[in-house]
Amino acid sequence: MCRVFSQPMPHQRPLGDQRCTSKQPWHFDPEGDLISMPPPPPPQTIPGPAPPHNQRSGSRDKLSPRDLSHHYSAVTKRRLPSKIKDAYKFFQIPGIHNLAGGLPNVDFFPFDTLEAQAAKPERWAPSPNHTGSSTTPSLAGWSSPWASSSPAAATRIAVPKVVDEPDPRRRIDLATALQYGLAQGYPPLLSWVRQFVRSCLVPDPPPYLPGPEVILTCGATDGFAKTLNLFVDQWDEGVDDVRKRPGLLCEEYVYTNVLSQARPYGMQVVTVKADEMGLMARGKGGLEDVLGNWDARKGRRPHLMYTVSLGHNPTGVVVPIERKREIYAVCSRYDVIIVEDEPYWYLQFPSAVVEEAKSRGRSTPPSPTTTTASSNSSNSSSATVNTSTSGYPFLDSLTPSFLSIDVDGRVVRLDTFSKTVAPGCRLGWLTAQPALVERFERITEATTQQPSGFVQSLISELVLGSSPRNAAAARSAFERLSLSSRASSSSPGWDTSGWVRWLEGLRGAYERRMVRMCKILDQGSALVTTSTVRQAAPPRRAPPPRLPSAPEPDSDSDSDYVTDPSSEWTPLAVHTTPLLTFRWPRGGMFVWIRVAYETHPLWHAPRANDKQENIVNGPILSAALMVFLTTAPYRVIVAPGSMFDAVEDRPASGWAYHRLCFAAESEERVDAATERYVSGLHAFWGIRDVGVIEKLLEQLSGAGAEGADGAHGEGEDVVRLGWFGGC
């Protein structure tokens, strides 16, 4: 059985130098020559119904992952390996004369090198790994060729055209990266990702043998599209039996693009209630309740669940490991596949609990005790240490993935470089049991084939660092450049230590932004107004009898209240009107805000008789506020909660929420943008004329009025405003 053995400090060895893997497209003889390798035997299947979850998880003997082929779509079952792709491994045999493949010759590629000036990993300061810690994390004895006294400085990386390197896992050059390649991905990057997942994201030993496999994707959206392709059969209303309609389980609020991908398949979206710890496993509306009481007349009981458990989009929740175990047990019982989308897994904020308490004048909760993954009961603010560590304190402090408890092999995890490098990379990977990855490979062969070779080679050079042959070839190509182009010499890439340090820095930078935004929101969460208090007058003696000729007394003289004009101050009554409530995010890039529209002065005020809605209700105030915030002097756009509303079988409530992103704006504008948002809310609550609301709605609908930005808004609607909300 092939195994990858972890070492105490894996960052001290080249990550590409793994001992073996469960599945590789090539095999090397003792002389280092490349030879073909027969495909690995299919994983052992376990017939019959699944035993109770606790029996498998409690066993000391690791089992093979479950056979999930009964969930494959009809198209997936018919897919066969690509004969062309299957021949690619022979193209790499040293000395082979290739007359078979329709591959353009590398000499005709118009690029001689691919170079970039890249940040050094220490550019951003990390934040503490644990609540209450006052020091930033560090790696004992850690050093790197890119470490310097100037974190803001850049390093240059270069990908040469051709490298004389027999090991395809180490060969990073344009001759291989820009050529047709294998569907699993570019070998150097694929090897690095596989080892990173097995050493850093999955415990050692893994929950099942031989452990998970990976395949590169064109980002998480591509990964989810292929997941639907693999597991879902198209269903058409009015054509197919309703009892066969597939379903997708998810939270009540979900990343909207997921719904856009699932609904064209005819899937019904089945929502599961969530609380402050994330998706509920039990209780009314929880996962057990939904699946256990499923009405087959509505369609098939859902066999696919989508979730973002580490920094949920849009709510910012981090699901603790205990809740994950409860969810996993229910999914195992009802044979549900978990699609775990984790673009924000490294953005977990230990300071959120303490800073939230300080900001709101509450007692600071005690620092949680560091525990192991098997007994961790705290949220993301606690230290989560796996029984076998990755060697990186930062990674070990994070709440684990569903992969860490996936004894059945029913988890499909989606990862992306969009948030760690850049969205335009369109590069990520998918992790699942080997049998599923083989099916994903068949889908990729017939669709995207593989991600961009330009991007894969640059990311490979960045995260692996140059091998001696790569570095020499890069220097040779670099020396041929003009002097004006050689502002600095080529430097090695980051290596895995640098990658982890980069993630630490990103977490620190985003965490500080989050804290600043939430403090401003707390300060402006209520509208405070004052009014004059009329004081009760002290007891008076009976007035003397009034003579008939006396003038009438002053009208105020009989009042029970008096004000003293000679007083230096007038008593005031303070009125506090709640405007918003929210929970500080425990992870991710967003603050999820509940706007208290029911406290607005025009709440349920009557409208004109010709209006469909005869009162000013929540959705109307929500739409008007979205437009109002874009007008001067506020000029701020937020994502309306209705963008993320997944509920289909009852009235939607997303109109009551806003999602604020603290990642999108530049560092110097985050605070100003948040202050503008708060100021806009306060000003909107000052509107007491229904006519003003109607005019704002006209701008939104484009009914002959100008849009909020001064341009004609014909045909615009609230969805367009949501486009600016990010992903």
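This short talk describes a predicted protein model, beginning with the whole chain and then turning to a pair of helices and two buried residues.

Good morning. Let me begin with the protein as a whole. Its secondary structure consists of 19 helices and 23 strands. The protein has 727 residues, of which 53% count as buried. One further figure concerns how the chain meets itself. Among contacts with a separation of 6 or more, 75% are between residues 24 or more positions apart.

I now turn to a pair of helices. Helix α15 covers residues 495-523, and helix α17 covers residues 670-684. Their axes lie 9 Å apart, and the helices pack at an angle of about 25°. How should we describe the direction of α15 relative to α17? Angles under 35 degrees count as roughly parallel, so α15 is roughly parallel to α17. The crossing of α15 past α17 is right-handed.

Which residues make this contact? On the α15 side they are Arg513, Arg516, Met517, Ile520 and Leu521. On the α17 side they are Val670, Asp671, Thr674, Glu675, Tyr677 and Val678. By character, the residues of this contact comprise 6 nonpolar, 4 charged and 1 polar.

Let us remain with helix α15 for one more residue, Thr496, which belongs to this helix. Is Thr496 buried or exposed? Its relative accessible area is 5%. The limit for a buried residue is under 20%, and Thr496 is therefore buried. Its side chain also has a polar partner: the side chain of Trp192, at 3.1 Å.

My last example is Arg439, which sits in helix α12, residues 434-445. Arg439 has a relative accessible area of 11%, so this residue is buried as well. With what does its side chain make polar contacts? One partner is a side chain, that of Glu438, at 2.8 Å. Another is a backbone atom: the side chain of Arg439 reaches the backbone oxygen of Arg79 at 3.2 Å.

We may also ask which residues Arg439 touches, not counting those up to four places away in sequence. They are Tyr72, Thr76, Arg79 and Leu230. Arg79 thus appears in this list of neighbours and also supplies the backbone oxygen that I have just mentioned.

To close, I would ask you to find two places in the structure. The first is the contact of α15 with α17, where Met517 and Tyr677 are among the residues involved. The second is Arg439 in helix α12, with Glu438 as a polar partner. Thank you for your attention.

Conventions. Residues are numbered from 1 along each chain as its sequence is written. This is a predicted model: local features need pLDDT of at least 70, side-chain atom pairs count only at pLDDT 80 or more; totals for chains, interfaces and linings use all residues. Side-chain values use heavy atoms; hydrogens and water are left out. Axes are lines fitted to C-alpha atoms, for helices over the stretch in contact, and angles run from 0 to 180 degrees between N-to-C directions. Helices (H or I, at least four residues) and strands (E, at least two) are DSSP runs, numbered from the N terminus. Angles under 35 degrees count as roughly parallel, over 145 as roughly antiparallel, 65 to 115 as roughly perpendicular and the rest as oblique. A crossing is left-handed if the near helix is turned anticlockwise from the far one by less than a right angle, and right-handed if clockwise. Contact means heavy atoms within 4.5 Å. Ala, Val, Leu, Ile, Met, Phe, Trp, Tyr, Cys and Pro count as nonpolar, Asp, Glu, Lys and Arg as charged, and the others, Gly among them, as polar. Buried means under 20% relative accessible area, exposed over 50%, partly exposed in between (1.4 Å probe, protein chains only). A polar contact is a pair of N or O atoms within 3.5 Å; within protein, one must be able to donate a hydrogen and the other to accept it, and residues adjacent in sequence count only if both atoms are side-chain atoms.
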